[in-house]
Amino acid sequence: MNAAGENNRSVRFTKSRIRTAYFSLMENKSIHKITVAEIVRTADISRATFYLHYSDTYDLLQQTEDEIISSIISEIMKFDEASYTVGEYPIARKVFGAFNTYSNEIRLLLGENGDTGFSIKFHDTITAYFEKLLSPLIKNNEKLHPVLSFFIGGVLNMFIMNLQSASPVDSDTLALISNRYLRSTNKLLGLPELEKD
């Protein structure tokens, strides 16, 4: 591997250690009270190393939240309508698969020690993405924002409730349930049916 590749791997590894330390501290302490000193001690790195990647704990929080949301959007973007198979609800599966990748981080960010603004940021960013994606396909765009807002908020809350459940269901079951609502959403927006009842 070349030097640039090794360097990138090193950066990813260091940032992963910092974030792992940050979230382990968040289990018992509010994000507003976690200090850089605690993070570097937990991650077993120097302060200088922390400041190579983040300006402060707020910057760490924002970059981490942005990465989670970006990863979920990246999974949605992998959907290829040409390879769609009836009954497999691929968009919903991709969304919940991406959610599961970050399930612990999402749980903590939305918990009592987390960021009260994360839910709004997540909701608004995903809604804006779908508005941009779908607006050319919809004749009556006045319906788009409220319908998407309702659906995305519902999907996020369903995932959160499942995380908090004493007997959570698997991501395929969540995808199946949300896909049924997605089909209703498509009808409200006037999008074509990919599956029939």
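**A walk through the model**

D44 is exposed, with a relative accessible area of 63%. Keep in mind that we're looking at a predicted model here. You'll find D44 in the loop that links α2 (36-43) to α3 (47-53). Its backbone has a little quirk: D44 isn't a glycine, yet its phi is positive, at about 60°.

Now hop over to another loop, the one between α6 (103-109) and α7 (118-134), where N113 sits. N113 counts as buried, because its relative accessibility is 15% and the cut-off for buried is under 20%. What does N113 touch, once residues up to four places away in sequence are set aside? Its partners are M26, E27, N28, K29, S30, I31 and L108. With M26 there's a polar detail too: a polar atom of the N113 side chain lies 3.1 Å from the backbone oxygen of M26.

Next, the inside. In soluble globular proteins, nonpolar side chains tend to be buried together. Here the largest nonpolar core has 49 residues, and I39, F50 and F99 have the most contacts inside it. Elements giving two or more residues to this core include α1 (3-26), α4 (57-77) and α9 (171-189). The largest share, 9 residues, comes from α8. Zoom in on F50: beyond its neighbours within four places in sequence, F50 is in contact with I18, V36, I39, V40, I45, D56, T57 and L60.

F99, for its part, belongs to the buried residues of α5, alongside P90, A92, V95, F96 and A98. How far should the 12 residues of α5 (residues 90-101) span at 1.5 Å a residue? The expected figure is 16 Å, and the end C-alpha atoms are 16 Å apart, so the two agree.

How values were computed
Residues are numbered from 1 along each chain as its sequence is written. This is a predicted model: local features need pLDDT of at least 70, side-chain atom pairs count only at pLDDT 80 or more; totals for chains, interfaces and linings use all residues. Side-chain values use heavy atoms; hydrogens and water are left out. Helices (H or I, at least four residues) and strands (E, at least two) are DSSP runs, numbered from the N terminus. The expected span of a helix is 1.5 Å times one less than its number of residues. Buried means under 20% relative accessible area, exposed over 50%, partly exposed in between (1.4 Å probe, protein chains only). A polar contact is a pair of N or O atoms within 3.5 Å; within protein, one must be able to donate a hydrogen and the other to accept it, and residues adjacent in sequence count only if both atoms are side-chain atoms. Contact means heavy atoms within 4.5 Å. A nonpolar core is a set of buried Ala, Val, Leu, Ile, Met, Phe, Trp, Tyr and Cys residues joined through side-chain atoms within 4.5 Å.
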